[in-house]
Amino acid sequence: MRINRAAAAVGVLALAGAFLAAGPAQAAGGAPKGDGAKAVCKRLPKTQDRIDKALERLNGDATVTGSVARLQQRVDNAHKEGHAEIEKYLNDRLTFRRSLLPTLQTRKTDLTAVAEWCAKNAPAAGK
């Protein structure tokens, strides 16, 4: 079964978010002793890259695998062929993929604010 790349990207981002929120104190067992700011700042560039790549892919044209436009084209093709079940399945995937865009755009905005905080508070993040 072929894995939906957009769903996989969201899964990776959610997993990364869980690890970022947990921080290193969580891995040692017991309650976290801080907010994991040092780890968040350390992983920030890679997280930003992943979100940028996911947004670029989703916003791509019909030639880009994983884009909203490509999936919309597949829905239109299924409709033209009269494949109602395939159309419904692809349309549900399209709805989900479209819902990813605002979520990822919000995360990108949030990470911009986090990057500014990390730049100002880099010494404090090491405490």
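This report describes how two helices of a predicted model pack together, and which bonds and charged pairs accompany that packing.

**Packing of α2 and α4**

Two packed helices are described by the angle between their axes and the distance between the axes. Helix α2 spans residues 37-58 and helix α4 spans residues 84-120. Their axes come within 9 Å and cross at roughly 145 degrees. The crossing in which α2 passes α4 is left-handed.

On the α2 side, the contact is made by Ala37, Val40, Cys41, Leu44, Thr47, Gln48, Ile51, Asp52, Ala54, Leu55 and Leu58. Helix α4 contributes Arg97, Leu100, Leu101, Leu104, Gln105, Arg107, Lys108, Leu111, Val114, Ala115, Trp117 and Cys118. By residue class, this contact comprises 16 nonpolar, three polar and four charged residues.

**The disulfide**

The structure holds one disulfide. It is formed by Cys41 and Cys118, whose sulfur atoms are 1.9 Å apart. Cys41 belongs to helix α2 and Cys118 to helix α4, so the pair ties together parts that are 77 residues apart in sequence. Both cysteines are also listed among the residues of the contact between α2 and α4. The torsion about the S-S bond is about -85 degrees, and the disulfide is therefore left-handed. Cys118 has a relative accessibility of 9% and so counts as buried, the cut-off for this class being under 20%.

**Salt bridges**

Side chains of opposite charge can pair when their charged atoms come close. A search of the whole structure finds two salt bridges, which are set out below.

| Salt bridge | N to O distance |
|---|---|
| Lys108 and Asp52 | 3.3 Å |
| Lys88 and Asp92 | 3.0 Å |

The pair of Lys108 and Asp52 links distant parts of the chain, with Lys108 in helix α4 and Asp52 in helix α2, 56 residues apart. Lys108 and Asp52 both take part in the contact between these helices. Lys108 counts as partly exposed because its relative accessibility is 41%. Asp52, at 32% relative accessibility, likewise counts as partly exposed.

The pair of Lys88 and Asp92 lies within helix α4, where the two residues are four residues apart, about one turn of the helix. Lys88 has a relative accessible area of 53% and is therefore exposed, since the exposed class begins over 50%. Asp92 is partly exposed, with a relative accessible area of 44%.

**Summary**

Helices α2 and α4 are joined by the disulfide of Cys41 and Cys118 and by the salt bridge of Lys108 and Asp52. The salt bridge of Lys88 and Asp92 lies within helix α4.

Technical notes. Residues are numbered from 1 along each chain as its sequence is written. This is a predicted model: local features need pLDDT of at least 70, side-chain atom pairs count only at pLDDT 80 or more; totals for chains, interfaces and linings use all residues. Side-chain values use heavy atoms; hydrogens and water are left out. Axes are lines fitted to C-alpha atoms, for helices over the stretch in contact, and angles run from 0 to 180 degrees between N-to-C directions. A crossing is left-handed if the near helix is turned anticlockwise from the far one by less than a right angle, and right-handed if clockwise. Contact means heavy atoms within 4.5 Å. Ala, Val, Leu, Ile, Met, Phe, Trp, Tyr, Cys and Pro count as nonpolar, Asp, Glu, Lys and Arg as charged, and the others, Gly among them, as polar. A disulfide is a pair of cysteine sulfur atoms within 2.5 Å. Buried means under 20% relative accessible area, exposed over 50%, partly exposed in between (1.4 Å probe, protein chains only). A salt bridge is a side-chain nitrogen of Lys or Arg within 4 Å of a carboxyl oxygen of Asp or Glu.
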